[in-house]
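Hello,

I am passing on the structure we talked about, and below it you will find my notes. Please have a look at the model first, then read on at your leisure.

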Amino acid sequence: MENGSIEREIHIDARPDVVYEVVSKPEHLREWWPDEAELEPVPGATGVITFGDRNSPDANVVPVTVIDADPPRRFSFRWVYDQAEAATPANSLLVVFELIPSGAGTLLRFTETGFREKGWEAAVLEEQYREHVTGWDHFLPRLVTYVARLVSTP
């Protein structure tokens, strides 16, 4: 098993500018992905996303660094790194949302890379990769559903 990258292509029935807002702005992110999101969608900005109740010791608070913000074409960030360090290609995962106009909608090309570069031992690498595949396979359809609700609301 390669465990090197996760790649998905999804058609979304909304213009790229709408989809861009949904993948880059905290108020939209928390509607389909984390429970909380605190970040500015500008290159170099750092923030956090939180899964679970932030006041609970079980909350998973994950640092995020925005790498690329090119509306309405591309948004990317690094995550899964030690909060005490700056995100680099050697210590974090890179998530890229590439938005391509497709008819009246958008083709979303999603990739997450950097699993092997983290230097995890094989069992940890395989577990992390599997968890991320499961996670994105759960959350990306929620993104599609959320955008559909958003564009159908007058």
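**The β6-β7 hairpin and its neighbours**

Let me start at a turn: serine 102 stands opposite glycine 105 in β7. Before going further, please keep in mind that this is a predicted model.

Serine 102 belongs to strand β6, which covers residues 93-102. β6 and β7 make a hairpin with 2 residues between them, and glycine 103 in that turn has a positive phi of about 60 degrees. The two strands are antiparallel and share 9 bridges.

Is serine 102 buried, exposed or something in between? Its relative accessibility is 29%, so serine 102 counts as partly exposed. Once neighbours within four places in sequence are set aside, serine 102 is in contact with His11 and Leu107. There is also a long step in sequence to report here: alanine 14 is 88 residues away from serine 102 along the chain, while their C-alpha atoms are 9.4 Å apart in space.

On its other side, β7 (residues 105-113) pairs with β1 (residues 5-12). That pairing is antiparallel too, with 8 bridges. If you want a spot to check on screen, arginine 8 has phenylalanine 110 in β7 as its bridge partner.

β6 also pairs with β5, again in the antiparallel sense, over 6 bridges. Here phenylalanine 75 is found opposite phenylalanine 97 in β6. As you look along these strands, remember that side chains in a regular strand alternate between the two faces of the sheet.

**The fold as a whole**

Stepping back, the protein has 3 helices and 7 strands. Read from the N terminus, the order is β-α-α-β-β-β-β-β-β-α. The radius of gyration is 15 Å, close to the 15 Å that the globule rule gives for 154 residues, so the protein is as compact as a globular protein of that length. The C-alpha trace spans about 45 × 35 × 25 Å along its principal axes.

Of the 154 residues, 44% are buried. Looking at contacts between residues at least 6 apart in sequence, 48% join residues at least 24 apart. The accessible surface is about 8,100 Å², and carbon and sulfur atoms account for 50% of it. As for charge, there are 14 positive and 26 negative charges, and the mean positions of the two sets lie 4 Å apart.

**Two backbone details**

Most residues other than glycine have a negative phi, and most peptide bonds are trans. Two places in this model depart from that pattern, and I would be glad if you looked at both.

Where is the cis peptide bond? The bond from proline 71 to proline 72 is cis, with omega near -5 degrees. Proline 72 sits in the loop between β4 (60-70) and β5 (74-79).

The other place is valine 80, a residue other than glycine with a positive phi, near 65 degrees. Valine 80 lies in the loop between β5 and β6. With a relative accessible area of 18%, and the cut-off for buried being under 20%, valine 80 is buried.

**Covered residues elsewhere**

Helix α1 (residues 16-24) is mostly covered, as 7 of its 9 residues are buried. These buried residues are Pro16, Val18, Val19, Tyr20, Val22, Val23 and Ser24.

Finally, have a look at threonine 50 in strand β3 (residues 46-51). Threonine 50 is buried, at 0% relative accessibility. What does threonine 50 touch, not counting residues up to four places away in sequence? The residues touched are Pro34, Asp35, Glu36, Ala59, Asn60 and Val61.

Do write back with any questions once you have had time to go through the model.

Best wishes

Notes:
Residues are numbered from 1 along each chain as its sequence is written. This is a predicted model: local features need pLDDT of at least 70, side-chain atom pairs count only at pLDDT 80 or more; totals for chains, interfaces and linings use all residues. Side-chain values use heavy atoms; hydrogens and water are left out. Helices (H or I, at least four residues) and strands (E, at least two) are DSSP runs, numbered from the N terminus. The radius of gyration is taken over C-alpha atoms; the globule rule is 2.2 Å times the number of residues to the power 0.38. Buried means under 20% relative accessible area, exposed over 50%, partly exposed in between (1.4 Å probe, protein chains only). Contact means heavy atoms within 4.5 Å. Accessible areas come from the Shrake-Rupley method with a 1.4 Å probe; for residues, only the protein chains shown count as cover. Lys and Arg count as positive and Asp and Glu as negative; His and the chain ends are not counted. The place of a charge is taken as NZ of Lys, CZ of Arg, CG of Asp or CD of Glu. Two strands pair if DSSP finds at least two bridges between them.
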